[in-house]
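Okay, everyone, thanks for squeezing me in. I'll put the structure up and then walk you through what I found.

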Amino acid sequence: MKLNILGCYAATPRSFTNPTSQVLEIKNELFLIDCGEGTQVQLRRNKIKFSRIKHVFISHLHGDHCYGLVGLISTFRLLNRETELHVYGPKGIKEIITIQLKLSNSWTNYPLYFHELSSKEPQLIFENEKLSVETIPLIHRIYTNGFLFKEKPGDRKLLINKAVEYNIDVSLYKSLKKGKDVTSESGELVRNHLVTAPPEPTKSYAYCSDTAFNQKMIPQISGATVLYHESTFLEDKAELAFPTKHSTAKEAAQIAKEAGVQKLILGHYSTRYSNINLFREEAAGIFPEVELADDGKVFVFE
Ligand SMILES: [Zn+2]
Ligand SMILES: [Zn+2]
C-alpha cells in the first residue's frame with residue numbers, strides 16, 4: 001500500500017503549497033482522493049500515469065477539495081482517453097461538472113460515471129475481489145465523507161513441502177489456498193491448516209478530511225493500518241476549530257489513539273502556520289506514531 005500526497009494544505013493554492021489531493025495505490029489499483037486546484041500538475045510532477053486513474057473520490061464540494069476536477073476531466077479528453085472514469089462524491093457533483101462541460105461544448109469522449117452520495121451512514125461504494133471502499137460520515141460545514149479503503153484477505157499460503165508430504169494431488173492446491181480440507185491420494189482427509197499458512201494480514205487506509213472532532217467514526221476505523229486525519233489548527237487556535245468544523249492536531253491524535261490505529265498522518269494545515277513540525281509535536285504527546293503529510297511526499301506501508 002502506497003500513499004502519494006499531491007497536496008495537503010487548507011484553503012487557497014500558493015507558490016509552494018497545494019490544496020488537498022492524494023493518490024492511494026492499493027492492490028495494484030490507483031485511487032485519486034480529492035482533487036483540489038492544480039491536481040493534474042501535481043500528478044505530472046509525481047509521474048503518476050493519468051490512464052491508471054479510474055476512480056476519483058471527492059470528500060465534499062469545498063473548492064480546496066474539488067476545483068481541480070473539471071480541469072482533470074477536460075485534460076483526459078484532450079489526451080484522447082478511452083478508459084472509463086468513475087467519480088464518487090456528494091450529490092451535486094454531477095451538476096457542477098456537467099454544466100461546465102456542456103457550456104464549453106466539451107463533453108468527454110470517454111465514459112464518465114457519477115456516483116452521487118447523500119447517506120449520513122457509512123456506505124459501501126466500491127468493491128472488487130481484492131478490496132472495498134466505504135464512506136466515513138464526517139462533521140463539516142457541508143455534507144462530507146471520508147473514505148475507508150480495506151483490503152480483503154488473500155489466499156492462504158500453500159506449504160508445498162507439507163502438501164507433498166501428505167501426498168496431495170496438484171489439482172487440489174487451488175482448493176487448499178481457498179481454505180478447504182482435501183483428500184490425499186491415499187484417501188485420507190487432510191485438514192487445511194496442516195498444509196497451509198494464514199494469508200498476509202490485510203491493510204486498511206482511513207481518509208478523514210475535512211472534519212470537526214468526531215468520535216462517532218472511531219468504531220468504523222478501529223485498528224486501521226493508517227489514518228489520515230485533518231489538523232487545520234493547533235490548540236492555540238482551538239477556538240476556531242469548532243465553528244469552522246475543523247480539527248486541531250491534538251484532536252486528530254485523540255481520534256487515532258481511541259481508534260487504536262497503527263499510524264497517523266496529519267494534513268490540511270492552515271497556511272497561517274509556517275512551521276508544520278509544530279503539528280507533529282502537538283500530536284505526538286498523545287499519539288507517538290504520527291507523521292506529517294507534505295506535498296510530494298510518498299508513504300509506503302509494507
Ligand atoms: Zn478543506
Ligand atoms: Zn472543507
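Before I count anything: when I say helix or strand, I mean a DSSP run, at least four residues of H or I for a helix and at least two of E for a strand, numbered from the N terminus. Counted that way, the protein has 10 helices and 18 strands. And please keep in mind that this is a predicted model.

A quick overview, then. Measuring along the principal axes of the C-alpha trace, you get about 70 × 50 × 35 Å. Of the 302 residues in the protein, 50% are buried. And if you take contacts between residues at least 6 apart in sequence, 64% of them join residues at least 24 apart.

Right, the metals. Let me start with the zinc ion that's ligand 1. Which residues hold it? On the protein side the donors are Asp-64 through OD, His-65 through NE2, Asp-210 through OD and His-268 through NE2, at 2.1 to 2.2 Å from the zinc. If you like motifs, the spacing along the sequence reads D-H-x144-D-x57-H. The geometry is irregular, with angles of 92 to 163° among the 4 donor atoms. To count as tetrahedral, four donors would need all their angles between 85 and 135 degrees.

Here's a bit I like. Asp-64 sits in helix 2, residues 63-66, while His-268 is in the loop between strand 16 (263-267) and helix 10 (277-284), so this pair ties together parts that are 204 residues apart in sequence.

Are those two buried or exposed? Asp-64 is buried, at 13% relative accessible area, and His-268 is buried too, at 2% relative accessibility. As for the neighbours of Asp-64, leaving out residues up to four places away in sequence, it touches Ala-10, Ala-11, Pro-19, Thr-20, Gly-36, Asp-210 and His-268. Note that the last two in that list, Asp-210 and His-268, are also donors to ligand 1.

What does the record say? UniProt, in an unreviewed entry, lists Asp-64, His-65, Asp-210 and His-268 under "binding site". Those residues span 205 positions in sequence, yet no two of their C-alpha atoms are more than 10.4 Å apart, so they gather at one spot.

Now the second zinc ion, ligand 2. Here the protein donors are His-60 via NE2, His-62 via ND1, His-140 via NE2 and Asp-210 via OD, lying 2.1 to 2.4 Å from the metal. The sequence spacing is H-x1-H-x77-H-x69-D. This arrangement is irregular because the angles at the 4 donor atoms run from 91 to 171°.

You'll have heard Asp-210 come up for both metals. Asp-210 bridges ligand 2 and ligand 1, and the two zinc ions lie 3.5 Å apart.

The unreviewed UniProt entry has a "binding site" annotation for this group as well, covering His-60, His-62, His-140 and Asp-210. They span 151 residues in sequence, but no two of their C-alpha atoms are more than 10.3 Å apart, so again they gather at one spot.

Let me zoom in on His-140. Where does it sit? His-140 is in the loop between strand 8 (131-137) and strand 9 (145-151). At 9% relative accessibility, His-140 counts as buried, and both His-60 and His-62 are buried as well. Not counting residues up to four places away in sequence, His-140 touches His-60, His-62, Asp-210, Thr-211, Thr-244, Lys-245 and His-246.

Since I've mentioned strand 8, a word on its partner. Strand 7, residues 124-127, pairs with strand 8 in the antiparallel sense over 3 bridges, and a hairpin of 3 residues joins the two. Within that pairing, Leu-124 has Glu-134 as its bridge partner.

A couple of other pieces of the fold before I stop. Strand 5 (residues 85-90) runs parallel to strand 6 (residues 112-117), with 6 bridges between them, and Leu-85 stands opposite Leu-112. Put helix 4, residues 93-103, together with those strands and you have a right-handed β-α-β unit.

And finally helix 3, residues 69-78. Its buried residues are Leu-69, Val-70, Leu-72, Ile-73, Thr-75 and Phe-76. After helix 3 comes Asn-80, which has a positive phi, near 60°.

That's my tour. Happy to go back to either metal site.

Notes. Residues numbered from 1 in each chain as written. Chains lettered and ligands numbered in written order. Predicted model: local features only at pLDDT ≥ 70, side-chain atom pairs only at ≥ 80, totals over all residues. Heavy atoms only, no water. Donors = N, O, S within 2.8 Å, 3.2 Å for Na, K, Ca; no water. Tetrahedral: all angles 85-135°; square planar, octahedral: opposite > 155°, others 65-115°. Buried < 20%, exposed > 50% of the residue type's maximum accessible area, 1.4 Å probe, protein only. Pairing = 2+ DSSP bridges. Right-handed = clockwise from strand over helix to strand, strands pointing away. UniProt positions renumbered as here; feature names shortened; annotations may be inferred. Contact = heavy atoms within 4.5 Å.
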